[in-house]
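Reader: I should be grateful for a close look at a single part of this molecule. Please explain how that part fits into the whole chain.

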Amino acid sequence: MKTIAKFLRDDSGATAIEYGLIAALIAVAIITAATTLGGQLSALFEGIGGKLTDANTNAGFGGDGGGGA
């Protein structure tokens with residue numbers, strides 16, 4: 001009988017589950033933020049790359065052998 005009462009009062013398993021749920025929620029938040037930020041950074045660098053390509057092409061460095069000098 002004492003063993004059953006001790007088992008019913010033991011809440012260490014519930015605490016471990018709570019910590020596991022908190023860790024899972026934090027992981028989901030980090031993954032979501034990283035995915036969103038990654039997409040925005042990709043779009044930003046693609047835009048910068050496009051502008052650099054346009055600038056090089058307009059300056060005569062487009063790889064057509066013309067060279068600017």
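Author: Gly-60 follows helix 2 and has a positive phi, near 95 degrees. The model is a predicted one, and helix 2 within it covers residues 12-58. Does the length of this helix agree with expectation or depart from it? The 47 residues of helix 2, at 1.5 Å a residue, should span 69 Å. The C-alpha atoms at its two ends are 69 Å apart, so the expected and computed spans agree.

Leu-52 belongs to helix 2. Its relative accessible area is 52%, and because the cut-off for an exposed residue is over 50%, Leu-52 counts as exposed. Together with Leu-37, Leu-41, Leu-44, Phe-45 and Ile-48, Leu-52 makes a nonpolar patch of about 580 Å² on the surface.

The chain as a whole may now be considered. It contains 2 helices and 0 strands. Of its 69 residues, 0% count as buried, the term being reserved for residues under 20% relative accessible area. The area that the chain exposes is about 6000 Å², and 69% of that area is supplied by carbon and sulfur atoms.

Methods:
Residues are numbered from 1 along each chain as its sequence is written. This is a predicted model: local features need pLDDT of at least 70, side-chain atom pairs count only at pLDDT 80 or more; totals for chains, interfaces and linings use all residues. Side-chain values use heavy atoms; hydrogens and water are left out. Patches are made of residues with over 30% relative accessible area and no salt bridge: like charges are joined within 9 Å, nonpolar side chains (Val, Leu, Ile, Met, Phe, Trp, Tyr) within 5 Å. Accessible areas come from the Shrake-Rupley method with a 1.4 Å probe; for residues, only the protein chains shown count as cover. A salt bridge is a side-chain nitrogen of Lys or Arg within 4 Å of a carboxyl oxygen of Asp or Glu. Helices (H or I, at least four residues) and strands (E, at least two) are DSSP runs, numbered from the N terminus. Buried means under 20% relative accessible area, exposed over 50%, partly exposed in between (1.4 Å probe, protein chains only). The expected span of a helix is 1.5 Å times one less than its number of residues.
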